[in-house]
Amino acid sequence: MAIILRLDRVMADRKMSLNELSELVGVSNVNLSKLKTGKVSAVRFSTLNAICKALHCQPGDILEFIDDE
Amino acid sequence: MKTKKELTTEEIMRMQNPTLKFMFIATIVIAVILAARMVQAVSTLNMLAADSGLTESAQRWFQDTAFDLFGDVGYIAVCIVSSVMFFFTLKDHTPFTRRTSNCLIIIAAVMMVTAVFSPLAAREFSSSVIGTNFYIVKSGNEIFASSLLFIISAFFRYGTKLQQESDETL
């Protein structure tokens with residue numbers, strides 16, 4: 001997949017654990033872990049909105065495009 | 001009070017559970033009734049075969065009963081596959097699985113084979129036992145139903161893909 005989620009990097013910058021983020025976003029630890037490791041095929045705008053709100057960042061800070069061709 | 005739009009998949013499935021449980025039990029009961037009917041059909045065939053001078057209506061009755069007997073074998077298989085399908089739908093909490101669409105294809109195929117071959121088998125059986133030479137064909141509804149099931153199985157295959165996409169979306 002060309003789109004990579006840099007959630008772990010932003011979380012490390014904000015010194016926020018997975019548990020804290022899951023409480024703030026309202027998504028379970030397991031699902032956030034899947035999101036971190038890129039094991040999901042799509043992200044809802046509402047989830048992205050909640051993550052950006054919790055981490056005080058822009059969607060571009062979390063998402064990164066890498067041309068894999 | 002929640003409107004229908006706000007219901008989650010789990011809530012909808014919880015609402016459907018009593019219907020699925022009823023259908024699961026009903027298919028097993030129907031399979032048992034069909035098995036009992038098969039036993040009765042065998043005894044009727046034995047009784048008719050023992051009589052040497054059968055009238056044409058008795059010969060038709062013989063072939064009709066043979067048709068029912070061969071048909072019931074297929075419909076018992078359909079009931080068993082249906083009960084498996086209802087059981088796993090209850091267990092998986094969603095009807096949109098690969099298993100459901102496969103079960104529907106099996107049911108449709110068994111129905112089609114039963115509808116096509118039971119009149120032929122009944123004719124051959126009657127011909128060899130009492131020497132009849134006519135066909136009794138009344139499989140139109142079954143062929144229509146199995147065609148419909150093939151189409152529905154395609155819907156379920158598409159539903160399975162949508163379910164997978166929904167499950168993988170956060």
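**Close-up views of a predicted two-chain model**

**View 1. The interface between chain A and chain B.** In this predicted model, chain A and chain B bury about 610 Å² between them, and 55% of that area is on carbon and sulfur atoms. The size of an interface is often expressed in this way, as the accessible area that is lost when the parts come together. On the side of chain A, the residues S41(A), A42(A) and R44(A) supply 59% of the area that this chain buries against chain B, which is more than any other three residues supply. Counted by contacts, nine residues of chain A meet five residues of chain B.

**View 2. The kinds of residues and contacts at the interface.** Between chain A and chain B there are four residue pairs in polar contact, with both residues at pLDDT 80 or more, whereas the rule for salt bridges finds zero of them across this interface. The residues on the side of chain A that touches chain B divide into five nonpolar, three polar and one charged.

**View 3. The two faces of helix 2 of chain A.** Helix 2 of chain A spans residues 18–25, and its buried residues are L21(A), S22(A) and V25(A). These buried residues lie on the same side of helix 2 of chain A, because they cover an arc of only 100° around the axis. The face turned away from that buried side carries the exposed residues E23(A) and L24(A). What covers the buried residues of helix 2 includes three other helices of chain A, namely helix 1 (7–13), helix 3 (29–36) and helix 4 (45–55). Just after helix 2 of chain A comes G26(A), a residue that takes a positive phi of about 85°.

**View 4. Two loop residues of chain A with positive phi.** K15(A) lies in the loop between helix 1 and helix 2 of chain A, and although K15(A) is not a glycine, its phi is positive, at about 50°. With a relative accessible area of 74%, K15(A) is exposed, because a residue counts as exposed when this value is over 50%. H56(A) is found in the loop between helix 4 and helix 5 (59–62) of chain A, and its phi is near 50°, again a positive value in a residue other than glycine. H56(A) also counts as exposed, at 68% relative accessibility.

**View 5. The surroundings of T65(B).** T65(B) belongs to helix 2 of chain B, which runs over residues 56–92. The relative accessibility of T65(B) is 8%, so T65(B) counts as buried, a term that applies under 20%. A polar atom of the side chain of T65(B) lies 2.6 Å from the backbone oxygen of W61(B). When residues up to four places away in sequence are not counted, T65(B) touches A41(B), T44(B) and L45(B).

**View 6. V32(B) and I76(B) in chain B.** V32(B) has its place in helix 1 of chain B, which covers residues 9–50. V32(B) is exposed, with a relative accessible area of 53%. Along the chain, V32(B) and I76(B) are 44 residues apart, while in the model their C-alpha atoms are separated by 8.2 Å.

Methods. Residues are numbered from 1 along each chain as its sequence is written. Chains are lettered from A and ligands numbered from 1 in the order in which they are written. This is a predicted model: local features need pLDDT of at least 70, side-chain atom pairs count only at pLDDT 80 or more; totals for chains, interfaces and linings use all residues. Side-chain values use heavy atoms; hydrogens and water are left out. Buried means under 20% relative accessible area, exposed over 50%, partly exposed in between (1.4 Å probe, protein chains only). Helices (H or I, at least four residues) and strands (E, at least two) are DSSP runs, numbered from the N terminus. The arc is that of the directions from the helix axis to the C-beta atoms. Contact means heavy atoms within 4.5 Å. Buried area is the accessible area (1.4 Å probe) that two parts lose on being put together, summed over both. A salt bridge is a side-chain nitrogen of Lys or Arg within 4 Å of a carboxyl oxygen of Asp or Glu. A polar contact is a pair of N or O atoms within 3.5 Å; within protein, one must be able to donate a hydrogen and the other to accept it, and residues adjacent in sequence count only if both atoms are side-chain atoms. Ala, Val, Leu, Ile, Met, Phe, Trp, Tyr, Cys and Pro count as nonpolar, Asp, Glu, Lys and Arg as charged, and the others, Gly among them, as polar.
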